[in-house]
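Subject: Structure handover

Hi,

Here is the structure I promised to pass on. Please open it first, then read my notes below.

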Amino acid sequence: MKTKLKSTVFFKVIFILLIVMSCTSNDDEVNNEPQENNLSAIQGEWYRVESNNPVNDGMKINVIDDAGQVVEPLQSGFAVGAIKWKDILAQNNGVYDYLELGSDANYYAAEMELNIDDTLRISIASSGAGNIQKWVRQYTSAEPHDCVPYDPAVFDGNFQSDWSMVNEVDAFSIMSVPSSDYGGGIVNISVQTDSPVSPCLNLFAGSALATGIATGSNQTSSRTYRFIGHPGTLFSGETTDCDNAPSDEYPWDYTISWTYSGIMDCYEPNDTFEQAKAIPKNQNISAYGVAGFVEGNTGIYEDQTYDWYKVTITEPTKIRATLNSCPNDIHMHFRFFKNTNGNISSIPVNTVQISGEAHAPGSTYYIETNNVLEPGTYLLEAHRLRGAGVPDIVADGEGNPEHWTTPYSFSVTQEQ
Ligand SMILES: [Ca+2]
Ligand SMILES: [Ca+2]
């Protein structure tokens, strides 16, 4: 009995010791593991083939140890030999942390991931043109890509004036959309008063009264309109006291205020076939289907409702345009045209719509040419149409239409 008890205690002690030793052993392994920074998989030359700033695609970098030096800067402005990737540190599963040299000469936290297909995917923590990139080992000359990113403007302003007598109408210029914001921007214009009268505001785009203005309800102290402005368009207004106060109580002050937030669409301007922007095949292209006020309105066949692109094929093939995503309040209508010596064929290339519904807001679909096409340049017309009841100007507390801030996306592919 005593022996049995002793042996039980003995085994318990051994068991606990084993657990302690095994834990200790594991901890020691973790603690003693050398912090090996294995960068062998990414040594050597890399070519940039895709990014959200295509101007610099084609750039070449050579990785030696934990640094990537610029070998071929192209038009990027970086010096040959500049350390573009610094302090590369291997993490798990082919992920590397490092510092990326920006065009402003500062280094930014960034991450690269080596994929199984031997491509490096780079994402840079700071947002902006070129912060998503794809690099490969073998350079294949990139197709032309006319995406030119820019920094859209953001600004606001206001001024004060007064109605000096009953029914006075004041007219004034308010603000212009910067010509350099090729994709236009969201304009918000308000009139506000603390007086006992209700303000009315007529809005002019260019020299014509903007159509579709909601009159708003009376008995309000402010009135706001929000819409997309086309680049270079001047917006002006007329304001008056719609509900009068007693005539001996004038003047009454009011404030006109505005905010502006530009939209970055790197393919604009592309409103006519002459402005068509080259896009590569087999790549998802993302752009905005917004059409700004120019002269009074945004009619459905105005130039600004079109986006034109061009693709080149080097072998006989059918081509397909696939709408991959579309905001729920617009539809994009695709047609292909042949480009002949800088002119456009008068009738579209015959296509068959193979899937989906081209005229339903938010739907996706694709069209494909009926016949094999001869090599050459083809134009893709993307016509933006608004869904029924979707306003192009909203008033007061109404929400912004979805397509103002949500892009559509599409790709062009070769099909046999
Ligand atoms: Ca566009
Ligand atoms: Ca356009």
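Two strands count as paired here if DSSP finds at least two bridges between them. Keep that in mind for the sheets below. The model is predicted.

**Overall picture**

The protein chain has one helix and 27 strands. Of its 416 residues, 30% are buried. Take the contacts in the chain with a separation of 6 or more: residues 24 or more positions apart account for 69% of them.

**Confidence**

The mean pLDDT of the protein chain is 86, and 89% of the residues score at least 70. Which elements mark the two ends of the scale? Helix α1 (residues 2–32) has the lowest mean pLDDT of the elements, at 47. Strand β18 (residues 285–287) has the highest, at 97. Residues 1–6 have pLDDT below 50, and the model gives this stretch zero contacts beyond near neighbours in sequence. Residues 13–32 also stay under 50. For residues 13–32 there are zero contacts beyond four places in sequence.

**The mixed sheet**

One open sheet has five strands, in the order β17-β19-β25-β21-β22. Its pairing is mixed. As background, strands of a sheet pair through backbone hydrogen bonds, either parallel or antiparallel. The edges are β17 (277–278) and β22 (343–344). Each has a single partner strand, so one side of each is left without a neighbour in the sheet.

Within this sheet, look at β21 (residues 330–340) and β25 (residues 376–386). They pair in the antiparallel sense over nine bridges. To find the pairing on screen, start from F336: its bridge partner in β25 is L380.

**R335**

R335 is in strand β21. Is R335 buried, exposed or partly exposed? R335 has 15 C-beta neighbours inside 10 Å, so it counts as partly exposed. The cut-offs are 20 or more for buried and 12 or fewer for exposed. Leaving out residues up to four places away in sequence, R335 touches P348 and E381. R335 and L379 are 44 residues apart in sequence, yet their C-alpha atoms are 8.2 Å apart in space.

**The antiparallel sheet**

A second open sheet to look at also has five strands. The order is β9-β16-β11-β14-β26, with antiparallel pairing. Here the edge strands are β9 (154–163) and β26 (393–395), and each pairs on one side only. From one strand to the next, the twist averages 15 degrees.

β9 and β16 (residues 252–262) run antiparallel and are joined by ten bridges. For a landmark, use N158, which stands opposite S257 in β16.

**Strand β20 and its partners**

Which strands does β20 (residues 318–325) pair with? One partner is β27 (residues 408–415), antiparallel, over seven bridges. In that pairing, K318 stands opposite E415. Another partner is β24 (residues 366–369), also antiparallel, over three bridges. There, T322 stands opposite Y366.

**Where to start**

Go to F336 and L380 for the β21–β25 pairing. Then go to N158 and S257 for β9 and β16. When you come to residues 13–32, remember that their pLDDT is under 50.

Best wishes

Terms used:
Residues are numbered from 1 along each chain as its sequence is written. Chains are lettered from A and ligands numbered from 1 in the order in which they are written. This is a predicted model: local features need pLDDT of at least 70, side-chain atom pairs count only at pLDDT 80 or more; totals for chains, interfaces and linings use all residues. Helices (H or I, at least four residues) and strands (E, at least two) are DSSP runs, numbered from the N terminus. Two residues are in contact if their C-beta atoms, placed from the backbone, lie within 7 Å. pLDDT is the predictor's confidence in each residue, from 0 to 100. Axes are lines fitted to C-alpha atoms, for helices over the stretch in contact, and angles run from 0 to 180 degrees between N-to-C directions.
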